[in-house]
Amino acid sequence: PQILASASRVQPTVERFAARDVKRAFVQLKQDETDEFPSGTAFYSSRVAPVAPGYSDGRVKTFIQTLSQRDIEPMGWLPVLNDAQAAKAHPEWQSQRITADGGLEDEPGWLCPFNPAVAQYEASIAKESAATFPNLAGLYLDFIRYDDDFSCAGPAAFTALEKRTRWRKKMGRPLVAMDIRA
């Protein structure tokens with residue numbers, strides 16, 4: 001949200017969009033990667049996620065309302081699963097990847113999509129965003145991709161995969177990390 005570095009930039013930004021006949025604008029509601037702020041930082045007064053310094057002033061809500069008033073469709077952009085803030089607060093939510101030798105290591109800043117608590121957390125932010133910004137035309141959930149094809153190899157992921165593939169019944173033993181890399 002560099003474009004909204006201060007509340008005073010809301011009106012000029014919307015005017016610039018309107019002058020260029022912009023019809024839809026994606027408004028970032030949460031930090032995606034750790035650049036200006038740690039990933040997972042909210043750009044509004046969230047009761048769920050940590051809030052970026054200075055963003056409790058309502059500038060994003062004003063921006064969304066002003067876009068809507070100028071007939072520019074505001075879409076909320078909500079990055080999910082790449083969330084260093086939540087991973088730090090809840091280490092058990094951290095995604096894990098399989099190493100070349102078959103071990104497990106944390107995937108820094110990424111959350112495990114198979115963990116029910118992670119799904120609940122991300123859903124609560126989406127629900128809160130929709131309630132906070134009624135002028136949004138929709139929410140775009142992003143970052144449903146990882147650096148590796150197997151997004152998480154932690155305990156919750158293995159349990160889900162074993163159940164889905166009926167691994168134990170077929171193989172007569174639990175699924176282990178080396179089974180994935182083989």
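Select Leu 81 to begin: at 9% relative accessibility, Leu 81 counts as buried, a label that applies under 20% relative accessible area, with exposed meaning over 50% and partly exposed in between (1.4 Å probe, protein chains only). The model is a predicted one, in which local features need pLDDT of at least 70 and side-chain atom pairs count only at pLDDT 80 or more, while totals for chains, interfaces and linings use all residues. Residues are numbered from 1 along each chain as its sequence is written, and side-chain values use heavy atoms, with hydrogens and water left out.

**Two residues with positive phi**

Remain at Leu 81, which sits in the loop between β2 and α3 (84–89). Helices (H or I, at least four residues) and strands (E, at least two) are DSSP runs, numbered from the N terminus. Although not a glycine, Leu 81 has a positive phi of about 75°. Most residues other than glycine have a negative phi. Next, select Arg 166, in the loop between α5 and α6 (167–171). Arg 166 is not a glycine either, and has a positive phi of about 55°. Is Arg 166 buried or exposed? Arg 166 is exposed, with a relative accessible area of 58%.

**The open sheet**

Now display β1, β2 and β5, which form an open sheet of three strands in the order β1-β2-β5, with parallel pairing. Strands pair if DSSP finds at least two bridges between them. The edges are held by β1 (24–28) and β5 (138–142), each with a single partner strand, so one side of each has no neighbour in the sheet. From one strand to the next, the twist averages 30°.

Select β2 (residues 73–79), which runs parallel to β1 and is joined to β1 by five bridges. To inspect one pairing, choose Gln 28, whose bridge partner in β2 is Trp 77. Six of the seven residues of β2 are buried, and the strand is mostly covered.

**Helices α1 and α2**

Add helix α2 (residues 59–69), which lies across β1 and β2 and runs at about 170° to β1. Axes are lines fitted to C-alpha atoms, for helices over the stretch in contact, and angles run from 0 to 180 degrees between N-to-C directions.

Then add helix α1 (residues 10–19), which packs against α2 at an angle of about 30°, with the axes 10 Å apart. That makes α1 roughly parallel to α2; angles under 35 degrees count as roughly parallel, over 145 as roughly antiparallel, 65 to 115 as roughly perpendicular and the rest as oblique.

Which residues of α1 meet α2? Val 10, Gln 11, Thr 13, Val 14 and Phe 17 in α1 meet Arg 59, Thr 62, Phe 63, Thr 66 and Leu 67 in α2, where contact means heavy atoms within 4.5 Å.

**The β3–β4 hairpin**

Move to strand β3 (residues 94–98): four of its five residues are buried, so β3 is largely enclosed by the rest of the structure. Four bridges pair β3 with strand β4 (residues 104–111) in the antiparallel sense. Ile 98 stands opposite Leu 104 in β4. The hairpin has five residues between the strands, and Gly 102 takes a positive phi near 90°.

**Last stop: Phe 158**

Finally, select Phe 158 in helix α5 (residues 155–165). Phe 158 counts as buried, at 11% relative accessibility. Show Val 176 as well: Phe 158 and Val 176 are 18 residues apart in sequence and 7.9 Å apart in space, C-alpha to C-alpha.
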